[in-house]
Amino acid sequence: MRKINLLPAKKIASAGMVFVLAASMLSGCEKKDGSKAEKDPYAKAVFRDAKASTEDRVKDLMSKMDINDKIAQMIMAERNVDGGGAAYAMVKQYGLGAMLSGGGSAPTSGNNPENWSEEINNYKKAASESKFGIPILYGVDSVHGNSNVYGTTIFPHQIGLGATGDAELVEKIGTVTASETRGIGSNYAFSPVLGVAYDEHWGRFYECFGENTDLVTELGTAYVNGLQGRKDSDDFLSQNHLLCSIKHFVGEGQVKNGYNQGNVEMDAKEWDDKLKNDIIKPYVSAIEAGAQTLMVSYNSINGVNCHENKELITDYLKGELGFKGIVISDYDGVEHCKGAEYKVQLAECVNAGVDMLMEPLDWQNCYYTMINLVNDGTVSEDRINDAVSRILTVKFDAGLFEEKINSDIEKEQLKQIGSEEHRTLARQAVSESLTLLKNEKMSDDKTAIQTLAAANKIAVMGEAADDIGTQCGGWTISWTGSKGKTTEGTTILEGFKQVASDKEFEYVDSADKISADTQAVVVVAGEDPYSETQGDSTGFGLFLDEEGTTLINEAKAKVGDNVPVIVILVTGRPLTLRDSYDNIDALMSAWLPGSECAGIADVLFGEKEFTGTSPVTWPVTAFDISNKLVDDSVVLFKYGTGLKKDGSSIK
Ligand code: BGC
């Protein structure tokens, strides 16, 4: 496990501390003890003048900064350096540009929204006390809601949002996610993923909206609009929203065999065509919508890692596409550049065009090495100036210099975390993403789904039926996510009982316990949580696991042909169902639905109709992936498959 608190806990701030000092208000302020704060030498500087243009403010501030100040702005460090204790001092002393909480890096004082808020606001205060009081960016992986934090609203992962195809809904989800992220003090979300998914062996398949570039473009742009606010509105980058990072740039979905951080193997011309006519579209659209930052991808293209690819970052992204925002490296991304020594890798990365360096625990090494690289001329001052002016421009444009620490808006956002209204939106998303793939006729007038809706006594099987951790998947509370009661919400089984309280649901752990008078069986099966490389399926078969397969087959053997066996898959990707498929009367994918699973019951037992359609082509077996887009005979469910309760197609 890479991203957890490895170091001893340290209490870093007293409870209930409220900071109302904006950096711009330092001058002549009373300190808590009543004495006057040191006079702020920059009180009258142009960069402090909210009415001055961003260009003038950047110019003024940069003219006052020395090379060390500038390099510090390029660094993003992890909060868990020394359990969070040293981080405060380093932000203040060095004037670091940014901090992050990687997956699972929660306050040592305990994972709840209040502790997060206290800790992050403490870092903001440290930044306000640094030499120039430049506000920090505080980044978190709000990839399906503010999902590191206990008690937040967890939305379906992007693959499920792809199934909804509903841009309006996705924009609303972006807005709520921004609010729940702002509520803990963070102003920066590493989201959304704009990769176009292809090979489901890849452990990050579910982080994408799907395999269709137009779908990814539409929903990705909607998500950016939700997170940052619409560019043409007064709300753009307001405190109701935050800065987003579109990621990962670029080609991660096209790597050979779906290996995470792998290599795209195409000849130069083929790659160029693919990139410029297809893969780039979601990025171009998101940049037009105002995406302020972009994260580089771990993968390589024909052996060249994206982090060291100057042609890609400087010439193409910043040059041809005119991206003016911040290019940030991925977690420890520098180490993905060629070179036996760190200083060579770092020079490669910065000279390729990376502006902000996510060097979580190694930030100090990064800082001093960068200073040496500039001193010996390996990295030019011009390159540093380009990076820092981008970073400061984004910070000024986002109003961070004027923002009060722990403002009233933020306090209200904190209160709204996990609110009824937010959870209702997530529940709607769960309903809309539910994708019905098979629905056999059980009698002349009823399909399997209609039979389930009419049944009074229903057996429910599979651990995943009643497990919030499994339903949320990876990137939930911890980096990889985990099974169990990891956060608050409603499981699938709880949702059944809530929505269809007139029916009898009997949870059984084996088929021989199914009562003789059972009228329908629901089996919930699929994948255990995972993230990144740990989720790569090296087995290649991607079979539904033995537990799920056995439950389905034994349930069918027990209840016979007249009682439907209905399968709900909780999965981040298509699975091979060959060993149980014939025993399934109705099959649906809930994808990775998140915390509000009553949305499933709303469709199965309520008035709602199925609306989800598959955002990916589902092959008969994972051995057929390489042919799935060209040979229909290896396809179990085509892209866009989605049925209704009566068995007819949505599209
Ligand atoms: C992932 C990014 C993530 C970052 C920070 C990396 O391992 O690739 O998607 O934003 O960690 O947690």
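**Entry 1: E402 and its partner**

I looked up E402 first in this predicted model, and at 31% relative accessibility E402 counts as partly exposed, because that value falls between the limits of 20% for buried and 50% for exposed. I then searched for its partner and found that E402 forms a salt bridge with R57, where the closest N and O atoms are 2.7 Å apart. R57 lies in helix α1 (residues 54-64), whereas E402 sits in the loop between α13 (381-397) and α14 (408-415), so the pair ties together parts that are 345 residues apart in sequence. I noted that R57 is buried, with a relative accessible area of 3%.

**Entry 2: other salt bridges**

I took the total next and read 39 salt bridges for the structure. As a reminder to myself, side chains of opposite charge can pair when their charged atoms come close.

I picked out E207 and R204, whose side chains meet in a salt bridge at 2.8 Å, N to O. E207 is buried, with a relative accessible area of 3%, and R204, at 3% relative accessibility, counts as buried too.

I then turned to E504 and K457, whose side chains meet in a salt bridge at 3.8 Å, N to O. This pair links distant parts of the chain, with E504 in strand β14 and K457 in strand β13, 47 residues apart. For exposure, I found E504 partly exposed, with a relative accessible area of 43%, while K457 counts as buried at 13% relative accessibility. I also recorded that salt bridges sharing partners join K318, D355, R383, D386 and R390 into one network.

**Entry 3: the sheet that holds β13 and β14**

Since E504 and K457 had led me to strands β14 and β13, I traced their sheet, and I found an open sheet of six strands in the order β12-β17-β16-β15-β13-β14, with mixed pairing. Its edge strands are β12 (435-439) and β14 (504-507), each of which pairs on one side only. Neighbouring strands of this sheet are turned by 20 degrees against each other on average, direction ignored.

Within the sheet, I checked β16 (residues 565-570) against β17 (residues 586-591), and these strands pair in the parallel sense over five bridges. I noted that I566 stands opposite A586 in β17.

**Entry 4: the helix across the sheet**

Which strands does helix α18 lie across? I found that α18 (residues 492-499) lies across β13 (457-461), β14, β15 (520-526) and β16, and that this helix runs at about 160 degrees to β14.

Technical notes:
Residues are numbered from 1 along each chain as its sequence is written. This is a predicted model: local features need pLDDT of at least 70, side-chain atom pairs count only at pLDDT 80 or more; totals for chains, interfaces and linings use all residues. Side-chain values use heavy atoms; hydrogens and water are left out. Two strands pair if DSSP finds at least two bridges between them. Helices (H or I, at least four residues) and strands (E, at least two) are DSSP runs, numbered from the N terminus. Axes are lines fitted to C-alpha atoms, for helices over the stretch in contact, and angles run from 0 to 180 degrees between N-to-C directions. Contact means heavy atoms within 4.5 Å. A salt bridge is a side-chain nitrogen of Lys or Arg within 4 Å of a carboxyl oxygen of Asp or Glu. Buried means under 20% relative accessible area, exposed over 50%, partly exposed in between (1.4 Å probe, protein chains only).
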